[in-house]
Amino acid sequence: WQPEPGKLIKRLVVNDRYTEADRQLMIEDMRDAFGDLVDCDVEIVDHIDVSAMGKQQRMQQDVDLTPYR
């Protein structure tokens with residue numbers, strides 16, 4: 001999910017085996033991919049919404065991209 005420019009939050013539905021170490025590893029992987037370009041975090045959620053066609057969105061973009069075109 002990208003709530004604002006320069007910020008990326010990975011939303012996850014987890015089970016009881018998920019640990020803080022798993023969270024840190026995901027954040028580290030995202031930082032390796034994006035470097036200092038994006039502030040990365042992980043958010044635990046109860047569910048992930050699906051589209052009208054029943055599919056999960058890989059990326060929810062809440063940033064107005066008009067200025068960047």
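How many helices and strands are there in the protein chain? In this predicted model, the protein chain holds one helix and two strands, and read along the sequence these elements follow the pattern β-α-β.

**Overall form**

The C-alpha trace of the protein chain spans about 45 × 35 × 15 Å along its principal axes. Of the 69 residues in the protein chain, 16% are buried, and among contacts between residues at least 6 apart in sequence, 65% join residues that are at least 24 apart. The elements that recur in the description below are set out in the table.

| Element | Residues | Contribution to the largest nonpolar core |
|---|---|---|
| β1 | 7-12 | at least two residues |
| α1 | 20-34 | at least two residues |
| β2 | 39-44 | at least two residues |

**The helix**

The 15 residues of α1 should span 21 Å at 1.5 Å a residue, and because the end C-alpha atoms of α1 are 21 Å apart, the expected and computed values agree. Just after α1, glycine 35 takes a positive phi of about 60°.

**The nonpolar core**

In soluble globular proteins, nonpolar side chains tend to be buried together. In this model the largest nonpolar core has seven residues, namely Leu8, Leu12, Tyr18, Ile27, Met30, Cys40 and Val42, and β1, α1 and β2 each supply at least two residues of this core. Cysteine 40, one of the core residues, is in contact with Leu8, Ile27, Met30, Arg31 and Phe34 when its neighbours within four places in sequence are left aside.

**The largest pocket**

The largest pocket contains about 490 Å³ of space. Its lining comprises 17 residues, of which Trp1, Arg11, Gln57, Arg58 and Met59 are the closest to the pocket centre. The elements that give two or more residues to this lining are β1 and α1, and the largest share, five residues, comes from β1. By class, the lining of the largest pocket has nine nonpolar, four polar and four charged residues.

**Glutamine 2**

Is glutamine 2 buried or exposed? Glutamine 2, which is found in the segment before β1, has a relative accessibility of 18% and therefore counts as buried, since the cut-off for that class is under 20%. Not counting residues up to four places away in sequence, glutamine 2 touches Lys7, Met59, Gln60, Gln61, Asp62 and Val63. Among these partners of glutamine 2 is Met59, a residue that is also listed with those closest to the centre of the largest pocket.

How values were computed:
Residues are numbered from 1 along each chain as its sequence is written. This is a predicted model: local features need pLDDT of at least 70, side-chain atom pairs count only at pLDDT 80 or more; totals for chains, interfaces and linings use all residues. Side-chain values use heavy atoms; hydrogens and water are left out. A nonpolar core is a set of buried Ala, Val, Leu, Ile, Met, Phe, Trp, Tyr and Cys residues joined through side-chain atoms within 4.5 Å. Buried means under 20% relative accessible area, exposed over 50%, partly exposed in between (1.4 Å probe, protein chains only). Helices (H or I, at least four residues) and strands (E, at least two) are DSSP runs, numbered from the N terminus. Contact means heavy atoms within 4.5 Å. On a 1 Å grid over the protein atoms alone, a cavity is a set of points where a 1.4 Å probe fits but cannot get out, and a pocket is an open set with protein on both sides within 12 Å along at least five of seven lines; lining residues have an atom within 4 Å of a point. Grid points are joined across faces, edges and corners, and a volume is the space filled by probe spheres set on the points. Ala, Val, Leu, Ile, Met, Phe, Trp, Tyr, Cys and Pro count as nonpolar, Asp, Glu, Lys and Arg as charged, and the others, Gly among them, as polar. The expected span of a helix is 1.5 Å times one less than its number of residues.
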